[in-house]
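Could you open the model in your viewer and keep the selection tool at hand? We will go from stop to stop, picking residues as we go.

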Amino acid sequence: MAQRYHMDADFPGWPRRPTLEAAAALYFLACVGRVALNLAGYLVALAFPGLDGQGVNWGLNLLYQAGFLLLPVARYCQERPGMGTGLRLRRCPPLALFLCALAAVAALFLADSLGTLWLVLLEVLGARLSLAAPAMDNGLMALLLSALLPAVCEELMFRGMILSAWERRGSRRALVMSGLLFACLHGSVEGFPVHLALGLALGALVLGSGSLYAGMLFHLLYNGLSLVLSGGGQTGQTLLAQIGGLQGVWTLLARTGLYGMVLCGLTWGVWAVGDSENAPPQPRQAMPLSAIVVLAGGLVTTLCVYLIDLLSLWGVL
């Protein structure tokens with residue numbers, strides 16, 4: 001059995017967990033880093049129009065994932081022995097891993113139907129969507145930088161650092177907040193519902209399995225399959241016309257419900273065979289004012305990104 005630490009006098013019997021202040025600070029850093037590197041990419045494109053855009057994006061993505069997600073979490077844990085146990089960096093039961101792999105496939109179908117429904121709604125509301133499905137490079141480098149790297153770095157940040165810290169406020173609140181902050185950081189109006197659903201599913205799988213590796217596997221397979229199955233193409237039709245009008249909307253609603261139930265069932269299976277913690281009920285810790293201020297700063301930063309995205313969708317920018 002892994003060595004366990006007393007977090008503080010109010011939480012006996014739990015593995016050592018990050019503080020809410022630390023989680024808020026690292027989230028703020030991640031938000032600022034994303035905005036800064038997006039701006040850097042824009043400036044590089046203006047200054048060097050002939051430069052390989054894909055290579056620049058890969059380099060910036062590597063810098064962001066490693067420099068603003070992985071290294072801060074690793075440094076925080078390095079200075080506090082035993083923190084890895086609180087982040088659930090421990091063995092996951094093989095059957096739970098298998099169910100997580102199946103859940104990733106179900107999530108892929110759920111994301112497709114849910115995402116399409118959301119885009120149809122935006123289109124009906126007047127948003128100018130790009131109906132082209134961009135052809136994505138699914139080579140080894142793309143799989144490493146767009147699938148493996150986020151699976152490790154983002155899970156360490158959100159289902160490791162943030163989820164564990166917010167458990168001081170209760171497990172349900174930790175699940176919701178880690179999923180919401182995960183979705184907010186992506187800064188995409190078009191992708192928000194899908195990112196939120198994935199964030200909640202990842203949090204539930206990690207809590208149920210008792211291992212962060214379950215979330216990493218799910219994240220890796222989801223991103224990898226998304227890359228492999230992506231394609232290009234564009235038609236002159238609206239998205240609503242492409243799916244078959246109102247009848248297509250009802251079909252997508254039915255599919256979303258079906259895939260959602262399958263994903264929930266697989267998640268329940270992970271809870272049944274996993275090694276979730278059975279710590280005694282703990283009193284909830286109040287959210288320190290310093291953590292609230294820093295977290296609000298990160299959210300305001302991401303809201304600015306969403307505002308720009310909204311203005312672009314409706315043709316203002």
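Helices in this tour are DSSP runs of H or I with at least four residues, strands are runs of E with at least two, and both are numbered from the N terminus. With that in place, select Arg 17, which sits in the segment before α1 (20–47). Before going on, please note that this is a predicted model, in which local features need pLDDT of at least 70, side-chain atom pairs count only at pLDDT 80 or more, and totals for chains, interfaces and linings use all residues. Residues are numbered from 1 along each chain as its sequence is written, and side-chain values use heavy atoms, with hydrogens and water left out.

**The whole chain**

Zoom out for a moment. The protein has eleven helices and zero strands. Of its 317 residues, 44% count as buried, where buried means under 20% relative accessible area, exposed means over 50%, and partly exposed lies in between (1.4 Å probe, protein chains only). Turn on contacts, meaning heavy atoms within 4.5 Å. Among contacts with a separation of 6 or more, 84% are between residues 24 or more positions apart. The protein exposes about 15,500 Å², and carbon and sulfur atoms supply 69% of that area; accessible areas come from the Shrake-Rupley method with a 1.4 Å probe, and for residues only the protein chains shown count as cover.

**Stop one: the Glu 167 network**

Go back to Arg 17 and add Glu 167. Their side chains meet in a salt bridge (3.0 Å, N to O), a term for a side-chain nitrogen of Lys or Arg within 4 Å of a carboxyl oxygen of Asp or Glu. This pair links distant parts of the chain, with Glu 167 in the loop between α5 and α6, Arg 17 in the segment before α1, and the two positions 150 residues apart. Is Arg 17 buried or exposed? Arg 17 is buried, at a relative accessible area of 2%, and Glu 167 is buried as well, at 5%.

Now add Arg 88. The side chains of Glu 167 and Arg 88 form a salt bridge too (2.9 Å, N to O). Because Arg 88 lies in the loop between α3 (83–86) and α4 while Glu 167 lies in the loop between α5 and α6, the pair ties together parts that are 79 residues apart in sequence. Arg 88 counts as buried, at 2% relative accessibility.

Next, select Arg 90 and Asp 275, whose side chains meet in another salt bridge (2.9 Å, N to O). Here the link runs from the loop between α3 and α4, home of Arg 90, to the loop between α10 and α11, home of Asp 275, 185 residues apart. Arg 90 is partly exposed at 24%, and Asp 275 is partly exposed at 39%. Shared partners join Arg 17, Arg 88 and Glu 167 into one salt-bridge network. The structure holds six salt bridges.

**Stop two: Ser 211 and helix α8**

Keep Arg 90 selected and add Ser 211, in the loop between α7 and α8. The Ser 211 side chain reaches the backbone oxygen of Arg 90 at 2.6 Å, a polar contact: a pair of N or O atoms within 3.5 Å, where within protein one must be able to donate a hydrogen and the other to accept it, and residues adjacent in sequence count only if both atoms are side-chain atoms. Ser 211 is buried, at 0% relative accessibility. Leaving out residues up to four places away in sequence, its neighbours in contact include Arg 88, Cys 92 and Val 206. At the start of α8, a side-chain oxygen of Ser 211 also comes within 3.2 Å of the backbone nitrogen of Tyr 213.

Follow the chain into α8 (residues 212–229), which has 18 residues. Among its buried residues are Met 216, Phe 218, His 219 and Tyr 222. Which helices help to cover the buried residues of α8? The cover includes α4 (94–124), α5 (140–166), α6 (171–186), α7 (192–209) and α10 (245–273).

**Stop three: Arg 34**

Jump to Arg 34, in helix α1. Arg 34 counts as partly exposed, at 23% relative accessibility. Its contacts, not counting residues up to four places away in sequence, are Tyr 64 and Leu 185. Add Thr 302: the two C-alpha atoms are 9.0 Å apart in space, with 268 residues of separation in sequence.

**Last stop: Val 316**

Finally, select Val 316, in the segment after α11 (289–313). Val 316 is exposed, at 56% relative accessible area.

Key: Expected span 1.5 Å × (residues − 1).
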